[in-house]
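Let's take a walk through this one together, starting with a single helix and working outward. Have the viewer open and follow along.

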Amino acid sequence: MKVRCPYCGAEYDAPEGLQYSVCPYCGTALRQGQTYEKVYIFKPTLDKTAAFRRALSLRPWASPSDLDSSASLTSAELHYIPLYLYYVYFEPLKELATYATAPAVEKPPFYIPKDYRFPARWRIPFKPSLERTAVFHGPQLDPEAAWAAVSGRYEREARNYAAVFKKPISDMSSFEGLVYYPFWRLRYAYGGREYEAVVDAAEGDVTYMEYPVSRAGRSASAAAAVSIVLGAAFLGLIGAAFSPAASAGIHGNPRLLDLAAAAGVAGGGVAGLVGAVRLLAFAVERRAIYRADRDVELV
Ligand SMILES: [Zn+2]
């Protein structure tokens, strides 16, 4: 469905059957064709240079030591992710009443950890602007569905609190409006290649970062892999020493002991080799991905 933005005049595609649409150019939010009033925004506290510095100072595992001095920023885009704002209230616990936000998109345009805690305070009313400085993303979810996905932890908290007074509680939380939350999507160059990083522009956290694996990091992994293979071979030698001949005189049941020893050695060897193969794979890779809530991944 084509929509013409009443503020900046841009025409954009709005998905069918959704309550809201958001102009990707100026952020004007429409609710069933009408300008929607309750829209808030988090102002970025970091400009693109500060955001890039955050990414470089992260120093993820096996990144080159000259990354911060040799990498250069090639592009920076400010993106606003839509969140829904809720007034959280479990009757009669007035003292626990608070505001909470939940992502209004199912799939953000870049990596954001699934349980990312967006703040609800410090938002300010949003005013559209004609100067194009950011990309605004439209909501994809129902406000009720988005609330159902995050309400559990607030309800648990309220139930624990209420258990002390043995009072029943009921969820009187309400939907309050839209909030735009800023992220920097950065691209940078190092050693003739390009990498991407995503930085929370309000809080400064790095949620995603692609980076080169340093030559030092690669050879350290290769050395570790070799020593694991040697270690497995060494365990094999120990296993051979505990042969039936060596243990028969000491223990009543040499066969059983022998089987246990053999199983142990085989298990250790296999685990060692799996680790070594993974480290060797790492040793030849040149690019890794850091995600704020996961282990580093090689690509
Ligand atoms: Zn517009």
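Which residues of α3 are buried? They are P143, A146, W147 and A158. Keep in mind that we're looking at a predicted model, but let's stay with this helix for a moment. The buried residues of α3 pack against four strands: β7 (72-88), β8 (90-91), β9 (98-103) and β13.

Now look along the helix itself. There's a kink of about 50 degrees in α3, and V150 sits at its centre. What about the end-to-end length? Helix α3 covers residues 143-163, so at 1.5 Å a residue its 21 residues should span 30 Å, and the 29 Å between its end C-alpha atoms agrees with that.

On to the core. Nonpolar side chains in soluble globular proteins tend to be buried together. Here the largest nonpolar core holds 54 residues, and A55, L83, A197 and V199 have the most contacts inside it. Strand β13, spanning residues 174-190, gives the most to this core, with 8 residues. That's one of the strands we just met packing against the buried residues of α3. Try clicking on A55: once you set aside neighbours within four places in sequence, its contacts are L186, A197, V199, V206 and M209.

For a contrasting spot, head to the loop between β9 and β10 (124-125), where you'll find P108. Is P108 buried or partly exposed? It's partly exposed, because 17 other C-beta atoms lie within 10 Å, and the cut-off for buried is 20 or more. Leaving out neighbours within four places in sequence, P108 is in contact with I81 and P103. Its C-alpha atom is also 9.4 Å from that of P82, a residue 26 places away along the chain.

Zooming out, the chain has 6 helices and 17 strands. Of its 299 residues, 28% are buried. Long-range pairing shows up clearly in the contacts: among those between residues at least 6 apart in sequence, 68% join residues at least 24 apart.

So how far can you trust all this? The chain averages a pLDDT of 83, with 77% of the residues scoring at least 70. Confidence is highest in helix α1 (residues 48-56), at a mean of 98, and lowest in helix α5 (residues 244-247), at 46. Over residues 242-254 the pLDDT is below 50, and this stretch has 10 contacts in the model beyond near neighbours in sequence. Where pLDDT is low, the predicted coordinates shouldn't be read in detail.

Technical notes:
Residues numbered from 1 in each chain as written. Predicted model: local features only at pLDDT ≥ 70, side-chain atom pairs only at ≥ 80, totals over all residues. Core = buried A, V, L, I, M, F, W, Y, C linked by C-beta atoms within 7 Å. Buried ≥ 20, exposed ≤ 12 C-beta atoms within 10 Å, placed from the backbone. Helix = DSSP H or I, 4+ residues; strand = E, 2+ residues; numbered from the N terminus. Contact = placed C-beta atoms within 7 Å. pLDDT = per-residue confidence, 0-100. Expected span 1.5 Å × (residues − 1). Bend = angle between axes of the 7 residues up to and from the residue.
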